[in-house]
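This report covers one buried position, the strands around it and the aromatic pairs in the same region.

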Amino acid sequence: MSWILVWSCSLLVGIAILCFGYFNNSLSHFQQLEPLKIEHAAQAAAKQEILPRLYSSKTGLALESQAQKEKGPNKATLTYKDFPSPVQGKILRGIGNCYLAAIESYMFHPGEDFLEPEGTVIRATHRGKVIFAGHDSLLGEKVVLDCGQGWIVTYGCLENLRVKTGQNIEKQGLIGQVGFNPGAEGINEQPQLHYEVRYGNTIQNIETGGSNL
């Protein structure tokens, strides 16, 4: 009987040791998992907080980008330097009072007339919208461009016009050719180009930038 009692006690002790080891391992595993759960919960909470901010930031950037597209690129302020002479010919008549044989009287001349061979190709010195293209009693065939910001440019004494009223033309776009207009602003019956730049209601001197009323 004694050996049975010893064997039973040994078995109970073994079972107790196994149970203690199992519960000890389970407790250790639980203790290791708990910080991970807390860390994962903290990360999830952080994501929930960050995502709305990211969405808001992206939405703000998208709205700003859309506003810039609608507004368009910033336009540089135009000056007389943006409207240089389209030709290099000799100046026959400048800005100021002069005698016009066509009307046998003095009158204010609002532009500059350049001596150029008949047929010389004339191109726009600045982009703009054609607000007039046709015949003028003093300038013969002429083209008037609205270049924006209050700048108006007139090309006169032309022929073979290549643009029409209402048309948009780019810089260096073909406007027409120098014509021969005796009896208009012709001096000694010479072909010439009339070039006139206005800013608002003032005539601009394209050489100095000064205005002439």
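Leucine 158 is buried, at a relative accessible area of 1% (buried means under 20% relative accessible area, exposed over 50%, partly exposed in between, with a 1.4 Å probe and protein chains only). The residue belongs to strand E8, residues 151–159; helices (H or I, at least four residues) and strands (E, at least two) are DSSP runs, numbered from the N terminus. This is a predicted model, in which local features need pLDDT of at least 70 and side-chain atom pairs count only at pLDDT 80 or more, while totals for chains, interfaces and linings use all residues. Residues are numbered from 1 along each chain as its sequence is written, and side-chain values use heavy atoms, with hydrogens and water left out.

Contact means heavy atoms within 4.5 Å. Not counting residues up to four places away in sequence, leucine 158 touches ten listed residues, among them Ile122, Leu139, Val143, Ile175 and Leu193. The C-alpha atom of leucine 139, 19 residues away along the chain, is separated from that of leucine 158 by 8.0 Å.

Two strands pair if DSSP finds at least two bridges between them. E7 and E8 run antiparallel and are joined by 6 bridges, one partnership being leucine 145 with valine 153 in E8. The two form a hairpin with 2 residues between them, and glutamine 149 in the turn has a positive phi of about 55 degrees. On E7 (residues 140–148), 7 bridges lead to the antiparallel strand E6 (residues 128–136). E6 and E7 also form a hairpin, with 3 residues between them.

Rings of Phe, Tyr and Trp (its six-membered ring) pair if their centres lie within 6.5 Å; planes under 30 degrees apart count as stacked, over 60 as edge-to-face and the rest as tilted. The count comes to 3 aromatic pairs, including these two:

| Pair | Centre distance | Plane angle | Class |
|---|---|---|---|
| Tryptophan 151 and tyrosine 199 | 4.7 Å | 35 degrees | tilted |
| Tyrosine 155 and tyrosine 195 | 5.4 Å | 55 degrees | tilted |

Tyrosine 155 in strand E8 and tyrosine 195 in strand E11 are 40 residues apart. Tryptophan 151 lies in E8 and tyrosine 199 in E11 (residues 192–199), so their pair ties together parts 48 residues apart in sequence. Tryptophan 151 is buried at 4%, whereas tyrosine 199 is partly exposed at 42%. Tyrosine 155 is buried at 0%, and tyrosine 195 is buried at 2%. Ring pairs link Phe83, Trp151 and Tyr199 into a cluster.
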